[in-house]
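Colleague: I am new to this structure and would like to understand the reasoning behind the words used for it. Could we go through them one by one?

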Amino acid sequence: MLPLFKEIKDVIKWHELLWQMVGREVKTRYKQSILGYFWVILNPMAQMIVMSFAFSVIMRIPTNSAGNVPYSIFLFVALLPWNLFSNSLSSAASSLVGSAPLITKVYFPRTILVLSTILAKIVDFLFANIILIIYMIVYHMPINANILWIFPIFFIQQIFTIGLSLFFAAANLLYRDIQYLLSLILLLWMYLTPVIYPADLVPEKYRIIFQLNPMSVIINAYRQTILGGGAPNYTSLVIALVLSIIVLIGGLSYFKSREKIFADNI
């Protein structure tokens, strides 16, 4: 835990550079685009419309045991955090490779390169949530105080994401095949996570696999608090938190152990 606290202290010390990198990432991404930042909303909305048609109209996947939640909202509540997770990992994996001049010429905590890409994706995520809010208003979805659980759930998700991002960023700099392997992993991982289907459709004998998948627990917790109006499963959430902390410590350890040879592998 000591290296983790030391790294947090270093990032706080260099916080101005972190925010500058986040701002640059956000501003330059759609700089010469006609629609600009509207793509942040358009992409997940188009994805939601197509997937809703495929899985609710054609395949007729129920939203839950009662089936009383519109599938578009049911899907979007899970799709947005999953896209945040997937896009964060994909961008973070190439963050070191794309910052070669900074790594070879300037000293600063290299973790800032990974964190800046993740924070930029969080900005995208916040904008994309506008569509979810509109849908919930249109469908008159009830909201109560339990929705505040989304903040600790989101925090656990980011701990898990940062841990994996640090690992894949360092590994991809040393072995460039990692970026292609990660794309395959994320594709398979999505289908092993209850994004397009409810968790209660998973057979009992396989549920232990889903309980050990932090993203399954996180996605299900979002649905329980936003759509179900209740508190998440405390036991599953604690397991997800513990696993996420372990992943964060492991990812940071691997990142720091390879940091000295980053410049040699650019």
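Modeller: Let us begin with a pair of helices, keeping in mind that this is a predicted model. The crossing of α6 and α7 is right-handed, and the contact is made by Thr 111, Val 114, Leu 115, Ile 118, Ile 122 and Phe 125 of α6 together with Phe 154, Gln 158, Thr 161, Ile 162, Ser 165, Leu 166 and Ala 169 of α7. Sorted by kind, the residues of this contact comprise nine nonpolar, four polar and no charged.

Colleague: What is the angle at which α6 and α7 pack, and why is α6 called oblique to α7?

Modeller: Helix α6, residues 111–138, and helix α7, residues 150–174, pack at an angle of about 135°, with their axes 10 Å apart. Roughly perpendicular covers 65 to 115 degrees and roughly antiparallel needs over 145, so α6 counts as oblique to α7.

Colleague: What makes α7 roughly parallel to α11?

Modeller: Here α7 and helix α11, residues 234–258, pack at an angle of about 25°, with their axes 8 Å apart. Because angles under 35 degrees count as roughly parallel, α7 is described in that way relative to α11. The crossing of α7 and α11 is left-handed, and the residues of their contact divide into 21 nonpolar, three polar and one charged.

Colleague: How many aromatic pairs does a search of the whole structure find, and why is the pair of Trp 82 and Trp 189 called edge-to-face?

Modeller: The search finds 13 aromatic pairs. For Trp 82 and Trp 189, the ring centres are 6.3 Å apart, which lies within the limit of 6.5 Å for a pair, and the planes stand at 70°, which is over 60 degrees, so the pair is edge-to-face.

Colleague: What does the pair of Trp 82 and Trp 189 tie together?

Modeller: Trp 82 lies in helix α4, residues 71–93, and Trp 189 in helix α8, residues 178–191, so the pair ties together parts that are 107 residues apart in sequence. Both Trp 82 and Trp 189 are buried, and they form one aromatic cluster with Phe 85 and Phe 160.

Colleague: Why are the rings of Phe 167 and Phe 168 called edge-to-face, and is each residue buried or partly exposed?

Modeller: The ring centres of Phe 167 and Phe 168 are 5.2 Å apart and the planes meet at 75°, again over 60 degrees, so this pair is edge-to-face. Phe 167 has 32% relative accessibility, which falls between 20% and 50%, so it counts as partly exposed, whereas Phe 168, at 9%, is under 20% and therefore counts as buried.

Colleague: How do you know that His 140 is exposed?

Modeller: His 140 has 69% relative accessibility, and since exposed means over 50%, the residue counts as exposed. His 140 is found in the loop between α6 and α7, and its phi is near 55°, a positive value in a residue other than glycine.

Colleague: What makes Thr 63 count as buried, and which residues is Thr 63 in contact with?

Modeller: Thr 63, placed in the loop between α3 and α4, has 5% relative accessibility, which is under 20%, so it counts as buried. Leaving aside neighbours within four places in sequence, Thr 63 is in contact with Asn 68, Val 69, Pro 70, Tyr 71, Phe 74 and Pro 198. Thr 63 and Tyr 197 are 134 residues apart in sequence and 6.8 Å apart in space, C-alpha to C-alpha.

Methods:
Residues numbered from 1 in each chain as written. Predicted model: local features only at pLDDT ≥ 70, side-chain atom pairs only at ≥ 80, totals over all residues. Heavy atoms only, no water. Axes fitted to C-alpha atoms, helices over the stretch in contact; angles between N-to-C directions. Helix = DSSP H or I, 4+ residues; strand = E, 2+ residues; numbered from the N terminus. Left-handed = near helix turned anticlockwise from the far one by under 90°. Contact = heavy atoms within 4.5 Å. Nonpolar A, V, L, I, M, F, W, Y, C, P; charged D, E, K, R; others polar. Phe/Tyr/Trp six-rings, centres within 6.5 Å; stacked < 30°, edge-to-face > 60°. Buried < 20%, exposed > 50% of the residue type's maximum accessible area, 1.4 Å probe, protein only.
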